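Please consider the sequence and the three-dimensional structure shown here. The discussion asks how the parts of the chain are arranged around one another.

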Amino acid sequence: MKAVLYLMRHATADIRNSLVDEADRCLNEKGRLQARRVAAFMQKQGLLPDRIFCSPHTKAVQTAALVRKDSGLKVQVEEWPCLLPAVAAAEAKTYLFSQLQDNEAVLLVGHEPELALLVNELLGLDKTFLELKKASLTCLELDSESTVPVRLAWSVPAKFM
């Protein structure tokens, strides 16, 4: 199986406070601009996913929706509970592989450190070597027939897009 995974940490959200549940925090203006910057980058570079999956938390849903809309994608955003904070990377990997189709590109929008841990799990690493900044975009290339079945292709923070 061959596939491309784009992993994106949600964009910047409102400041934490005791009145709003963590799951309900919305993107702030900076976050909306970051998501639009990622969308423009993806469109310009031809990085157009076949499917988009995101954590059910509001900030991830909003990030995914803005990227979808501003990049002109017609695909729906699907919420995946396995992208929630505190879900084990091995569990997320198992679910991802059960859903992934051959020769497709998928965008996953989630949280840190879970996305970095998922990257580690996919690469077969024991230690975390990557921290994903808010609204950063990371690309993994999967090829089950290669001697390197998962390859980190690149990782770009939003400020460089």
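The following paragraphs move from helix to helix, then to the cavity, the loops and the cysteines.

The model is a predicted one. A convenient starting point is helix α3, which spans residues 89-99. Three of its residues, A89, A92 and L96, are buried. They lie on the same side of α3, because they cover an arc of only 60° around the axis. The other side of α3 carries E91 and T94, which are exposed. What do the buried residues of α3 pack against? Their partners are strand β1 (2-9), strand β4 (104-110) and helix α4.

Helix α4, residues 114-123, is mostly covered, with seven of its 10 residues buried. The buried set consists of E114, L115, A116, L118, V119, N120 and L122. An acidic residue, E114, and an amide residue, N120, thus appear in this set. The packing partners of the buried residues of α4 are β1, α3, β4, β5 (137-143) and β6 (150-156). The contact with α3 is listed from both sides, since α4 appears among the partners of α3 and α3 among those of α4. Strands β1 and β4 likewise appear in the packing of α3 and in that of α4. Just after α4, the backbone at G124 adopts a positive phi of about 75°.

The two helices also meet at an internal space. The structure contains one cavity of 30 Å³ or more, and the volume of the largest cavity is about 60 Å³. Which residues line this space? The lining is made up of C82, L83, L84, V87, A89, A92, G110, H111, E114, L115 and L118. Helices α3 and α4 each supply at least two of these residues. The largest share, three residues, comes from α4. By class, the lining comprises eight nonpolar, two polar and one charged residues. Several names recur here: A89 and A92 line the cavity and belong to the buried residues of α3. E114, L115 and L118 also line the cavity and are among the buried residues of α4.

The loops that flank these helices contain several backbone features. In the loop between β4 and α4 lies P113, and the peptide bond that leads from E112 to P113 is cis, with omega near 15°. Ahead of α3, the loop that follows β3 (77-79) holds A86. This residue has a phi near 80°, a positive value in a residue other than glycine. With 72% relative accessibility, A86 is exposed.

On the other end of α3, the loop between α3 and β4 contains both L100 and N103. N103 has a positive phi of about 60° although it is not a glycine. Is N103 buried or exposed? At a relative accessible area of 57%, N103 is exposed. L100, in contrast, is buried, at 9% relative accessibility. Beyond its neighbours within four places in sequence, L100 is in contact with M1, A3, L5, R51, V106 and L142. L100 and A35 are separated by 65 residues in sequence and by 24 Å in space, C-alpha to C-alpha.

Another buried position is found in helix α1 (residues 29-45), where Q34 is placed. The relative accessible area of Q34 is 9%, so this residue counts as buried. Setting aside residues up to four places away in sequence, Q34 touches A11, T12, K134 and A135.

The cysteines remain to be considered. How many disulfides does the model have? The count comes to zero. The sulfur of C54 is 11 Å from the closest cysteine sulfur, in C82, which is too far for a bond. For C82 the closest cysteine sulfur is in turn that of C54, at 11 Å. A disulfide would require a pair of cysteine sulfur atoms within 2.5 Å. Both residues are nevertheless withdrawn from the surface: C54 is buried at 0% relative accessibility, and C82 is buried at 9%. C82 also returns the account to the cavity, as one of its lining residues.

Note on methods. Residues numbered from 1 in each chain as written. Predicted model: local features only at pLDDT ≥ 70, side-chain atom pairs only at ≥ 80, totals over all residues. Heavy atoms only, no water. Buried < 20%, exposed > 50% of the residue type's maximum accessible area, 1.4 Å probe, protein only. Helix = DSSP H or I, 4+ residues; strand = E, 2+ residues; numbered from the N terminus. Contact = heavy atoms within 4.5 Å. 1 Å grid on protein atoms, 1.4 Å probe; cavity = no way out; pocket = protein on both sides within 12 Å on 5 of 7 lines; lining within 4 Å. Points joined across faces, edges and corners; volume = space filled by probe spheres on them. Nonpolar A, V, L, I, M, F, W, Y, C, P; charged D, E, K, R; others polar. Arc of directions from axis to C-beta.
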